[in-house]
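Me: I would like a close look at one part of this structure, with its surroundings taken in where they help. Please take it step by step and keep the confidence of the model in view.

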Amino acid sequence: MLRDYYHFCPRSYRILAWLLIPLAAVILGCLSGYALPDLSGGWTVDTFTDTFTRLFLITLPTGVLEVFAGGKMFNGFGIFHDGEPGFLAASASDRWHRLFRHVLVVDAIRRFLVNLVAWSLAVGINNAMAELGFAEAAGASGGTGQTFFFVCTASLVVCVAGLFSSVAVRGFGMFGLMVMIMALLQSVALLLILIAGISGNTVLLLLPAAAGLITYFRKAYRAGTALRDPIETKKGKN
């Protein structure tokens with residue numbers, strides 16, 4: 001599966017996707033962990049907006065890097081940004097459908113792990129500071145198990161938002177427009193996460209995450225294979 005992913009994506013994109021983006025997520029997760037607000041006194045308008053801002057600062061820069069990586073400069077996985085997927089011509093046609101399925105799975109797992117690392121570092125550092133007496137823990141959940149479940153589901157929701165921002169309808173090739181779409185999707189995802197955290201119904205996060213993943217894979221796979229077919233037809237005529 002990883003071999004198919006490497007076959008699909010150029011080296012410049014893989015360096016950004018597997019090294020620079022995770023490194024940025026680690027740094028942002030650490031910084032956000034030190035800056036999360038004190039929620040021990042309950043949720044207020046100020047703590048709500050402050051928490052939203054801090055968490056958004058984790059996801060926005062890495063999301064911008066993801067959109068940037070998928071554009072022409074790195075010619076990566078965002079294959080529908082400019083409608084010129086020249087690197088697809090290098091793919092073996094008889095392996096195409098299986099290869100593309102593998103690429104979708106690997107890219108989704110990679111994005112989930114990036115978000116999971118960032119969120120885990122933020123919560124872990126904040127809780128460590130609380131234990132050392134430097135601050136109150138920002139986590140609103142009631143124990144290690146609940147915290148881990150919340151971090152995992154929240155990371156999955158943010159991952160789905162990032163996936164949808166990277167696989168857009170052809171024609172949305174402008175970088176600024178893609179960043180706006182990404183920021184909007186991330187904002188909706190973070191609002192869902194905060195509402196779930198306040199209400200304690202974090203399991204509800206699994207519903208939009210599962211629905212989003214199913215929709216994403218259907219749209220991406222259909223669009224990718226449809227994009228490949230005209231290339232094969234053109235090569236056959238030549």
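Is Cys-159 buried or exposed, and what is its relative accessible area? Please go on from there to a close look at helix H6 (residues 175-199).

Reply: Cys-159 is buried, because its relative accessible area is 2%, below the 20% under which a residue counts as buried. Cys-30, by contrast, has a relative accessibility of 23% and therefore counts as partly exposed. A search of the whole structure finds zero disulfides.

Before turning to the helix, a word on confidence is needed: this is a predicted model, in which the mean pLDDT of the chain is 75 and 70% of the residues reach 70 or more. Among the elements of the chain, helix H2 (residues 11-35) has the highest mean pLDDT, at 87, while helix H7 (residues 206-237) has the lowest, at 72. Over residues 79-92 the pLDDT stays under 50, although the model has 45 contacts beyond four places in sequence for this stretch. Residues 231-235 also stay under 50, and for them the model has five such contacts, again beyond four places in sequence.

Helix H6 has 25 residues, which at 1.5 Å a residue should span 36 Å, and its end C-alpha atoms are indeed 36 Å apart, so the expected span and the modelled one agree. The buried residues of H6 are Met-178, Val-179, Met-182, Ala-183, Gln-186, Ala-189, Leu-190, Ile-193, Leu-194, Ala-196 and Gly-197. In reading such a list, it helps to recall that an α-helix has 3.6 residues a turn, so residues three or four places apart point the same way. Just after H6, Gly-200 takes a positive phi of about 85°.

Within this helix, Gln-186 deserves a separate look. Gln-186 lies in H6 and counts as buried because its relative accessibility is 4%. Leaving aside residues up to four places away in sequence, Gln-186 touches Phe-56, Thr-59, Leu-60, Gly-63 and Ala-161.

Helix H3 (residues 45-69) also packs against H2: the axes of these two helices come within 9 Å and cross at roughly 170°, which means that H2 runs roughly antiparallel to H3. On the H2 side the contact is made by Tyr-13, Leu-16, Ile-21, Ala-24, Ala-25, Leu-28, Ser-32 and Ala-35, and on the H3 side by Arg-54, Leu-57, Ile-58, Pro-61, Thr-62, Leu-65, Glu-66 and Ala-69.

Key. Residues are numbered from 1 along each chain as its sequence is written. This is a predicted model: local features need pLDDT of at least 70, side-chain atom pairs count only at pLDDT 80 or more; totals for chains, interfaces and linings use all residues. Side-chain values use heavy atoms; hydrogens and water are left out. pLDDT is the predictor's confidence in each residue, from 0 to 100. Helices (H or I, at least four residues) and strands (E, at least two) are DSSP runs, numbered from the N terminus. Contact means heavy atoms within 4.5 Å. The expected span of a helix is 1.5 Å times one less than its number of residues. Buried means under 20% relative accessible area, exposed over 50%, partly exposed in between (1.4 Å probe, protein chains only). A disulfide is a pair of cysteine sulfur atoms within 2.5 Å. Axes are lines fitted to C-alpha atoms, for helices over the stretch in contact, and angles run from 0 to 180 degrees between N-to-C directions. Angles under 35 degrees count as roughly parallel, over 145 as roughly antiparallel, 65 to 115 as roughly perpendicular and the rest as oblique.
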